[in-house]
Amino acid sequence: MSEPDPLTRPLVGAPMAGGVSTPALVAAVSDAGGLGFLAAGYQHPADLAADITRVRRATDAPFGVNVFVPESRPVDLDAVGVFRRALTAEAARWRVTLPEPVERDSDFFDEKVDIVVAARVPVVSFTFGCPPRAVVDRLHSVGTRVVVTVTDAQEAIEAAAVGADALCVQSAHAGGHRATFTSAERCDTRTGTPELVASVRQAVAVPLIAAGGIVRPEEAAAVVEAGASAAQIGTALLTTPEAGTHAAHRAALTASDRGTTVTRAFSGRLARGLRNRFIDSFGALAPAAYPQVHHLTKPLRAAAAARGDAEGMALWAGTGHHLVRAEPAAAVVARLAAVVASRRPESR
Ligand SMILES: Cc1cc2nc3c(=O)[nH]c(=O)nc-3n(C[C@H](O)[C@H](O)[C@H](O)COP(=O)(O)O)c2cc1C
């Protein structure tokens, strides 16, 4: 009997770069009936290959790998230089040297595509852009299912046109980076996830995975009512024991009444995280230059993380962060997957 399509799984464990989506988390989500995702963003290709092997050792269940699409527009390096100077006192405070900005960074896109093709990973998702048709065709030729992350109907039409099998529809309620196709994006924080799903549903016929602010069964039910066939959760997994979330990040998620905000301060690309000193000090100064600003602030974030200082770290979190609980990933997946599966049209 052939393996059922992994894209029919009702719950997706969001890829979370920076060490959060550990192979153990991916395996736990997939073993519980969800679809776990490794996050290849910022990773060295050799580390990605090793993580794929680790997931396969831990589970026979299907899983996915998320790859960042490199920014194709030129960035304003002068603006990055101005921001670098604005960070001088901050660098002195942490005793770190800030790197000179690089003009281009592909994040090893071609090498990562080679790895996931060679490994015949069941599902590959793309974020920060639309992959070329040739890449989608290559993945299809080895049986891999392809997901493209979109933030509006226009991007959805573009992604469907290159042959995506499903779209991850990310609203501005989501934790982490906005997945817009360019980093000089706008940000509509008023549109809720169900409304965004409904508008994308009107534009394309492919299956939709909804992402943004989904923590409780009622939010999962609402996106299915709006036309999604699966829900993708990131923030709800941050406090699971299997996640690689930094202790200071975990503590801030549940203990804090800071609330979240959307900022370019850490990377030059809009992202939602818990408000802290770094955002308040530099959010208004950071240029729309991704990933140049990401590399610039890396030593600052690393120094803050080494000291466990939440005020200097990127504490990515969605609008539902105050509702998360510290419990095993399987419990989170079971609670939400059951709601999605029972509300999908074919189960009604
Ligand atoms: C810590 C963190 C890291 C993230 N890293 C990625 C990533 O590497 N790739 C990606 O496509 N999305 C990433 N996201 C966004 C998620 O895929 C997803 O859109 C988001 O978590 C959904 O909203 P929620 O956090 O409210 O559940 C990240 C989110 C968080 C919280």
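This is a short group-meeting talk on a predicted model of a protein chain with a bound ligand.

Okay, let's start with the overall picture. The protein chain has 14 helices and eleven strands. Its radius of gyration is 19 Å, close to the 20 Å that the globule rule gives for 348 residues, so the chain is as compact as a globular protein of that length. If you lay the C-alpha trace along its principal axes, you get about 60 × 45 × 40 Å.

What about the inside? Of the 348 residues in the chain, 55% are buried. And if you take the contacts between residues at least 6 apart in sequence, 69% of them join residues at least 24 apart. On the outside, the accessible surface comes to about 14100 Å², and carbon and sulfur atoms account for 53% of that.

Now the ligand. How many residues surround the ligand, and which are the closest? There are 22, and the closest are Pro-15, Asn-66, Thr-127, Gly-213 and Thr-235. By type, that shell divides into ten nonpolar, twelve polar and no charged residues. So much for the headcount; in terms of elements, β3 (63–68) and β9 (230–233) each supply at least two residues of the shell.

Let me go through some polar contacts. Gln-232 has a side-chain N or O atom 3.0 Å from an oxygen atom of the ligand. Gly-175 comes in with a backbone N or O atom, at 3.2 Å from a ligand oxygen. And for Gln-170, a polar side-chain atom sits 3.3 Å from an oxygen of the ligand. On its own the ligand has 600 Å² of accessible area, and the protein covers 95% of that.

Let's stay with Pro-15 for a second, since Pro-15 is one of those closest residues. Pro-15 is in the loop between β1 and α1. Leaving out residues up to four places away in sequence, Pro-15 touches Ser-21, Phe-37, Leu-38, Ala-39, Asn-66 and Gln-232. Notice two names there: Asn-66 is also on the list of closest residues to the ligand, and Gln-232 is the one with the side-chain contact at 3.0 Å. For a sense of scale, the C-alpha atoms of Pro-15 and Ala-284 are separated by 28 Å, with those positions 269 residues apart along the chain.

Thr-22 is in that loop too, between β1 (11–13) and α1 (23–31). Buried or exposed? Thr-22 has a relative accessible area of 19%, and the cut-off for buried is under 20%, so Thr-22 counts as buried. A polar atom of the Thr-22 side chain is 2.6 Å from the backbone oxygen of Glu-242. Beyond its sequence neighbours, Thr-22 touches Glu-242, Ala-243 and Gly-244.

Next up, Ala-317. You'll find Ala-317 in the loop between α13 (292–307) and α14 (329–343), and despite being in a loop, Ala-317 is buried, at 0% relative accessible area. Not counting residues up to four places away, the contacts of Ala-317 include Gly-175, Thr-235, Arg-272 and Leu-274. Two of those have come up already: Gly-175 with its backbone contact to the ligand, and Thr-235 among the closest shell residues.

Then there's Ser-267, in the loop between β10 (260–263) and β11 (271–274). Ser-267 is buried as well, with 1% relative accessibility. A polar atom of the Ser-267 side chain lies 3.2 Å from the backbone nitrogen of Arg-269. Further along the chain, Ser-267 is in contact with residues including Ala-289, Tyr-290 and Pro-291.

That brings me to the backbone oddities. Most residues other than glycine have a negative phi, and most peptide bonds are trans. Now look at Tyr-290 and Pro-291: the peptide bond joining them is cis, with omega about 5°. Pro-291 is in the loop between α12 (277–282) and α13.

And which residues have a positive phi? Arg-95 is one, with phi near 55°, and Asp-107 is another, at about 55°. Arg-95 is in the loop between α4 (88–94) and α5 (109–119), and Asp-107 is found in the loop between α4 and α5 too. Their surroundings are another matter: Arg-95 is exposed, with 75% relative accessible area, whereas Asp-107 counts as buried at 13%.

That's what I have, thanks.

How values were computed:
Residues numbered from 1 in each chain as written. Predicted model: local features only at pLDDT ≥ 70, side-chain atom pairs only at ≥ 80, totals over all residues. Heavy atoms only, no water. Helix = DSSP H or I, 4+ residues; strand = E, 2+ residues; numbered from the N terminus. Buried < 20%, exposed > 50% of the residue type's maximum accessible area, 1.4 Å probe, protein only. Contact = heavy atoms within 4.5 Å. Polar contact = N/O pair within 3.5 Å; in protein donor to acceptor, adjacent residues only side chain to side chain. Near = heavy atom within 4 Å. Areas by Shrake-Rupley, 256 points an atom, 1.4 Å probe, with all protein chains shown as cover. Nonpolar A, V, L, I, M, F, W, Y, C, P; charged D, E, K, R; others polar. Rg over C-alpha atoms; globule rule 2.2 N^0.38 Å.
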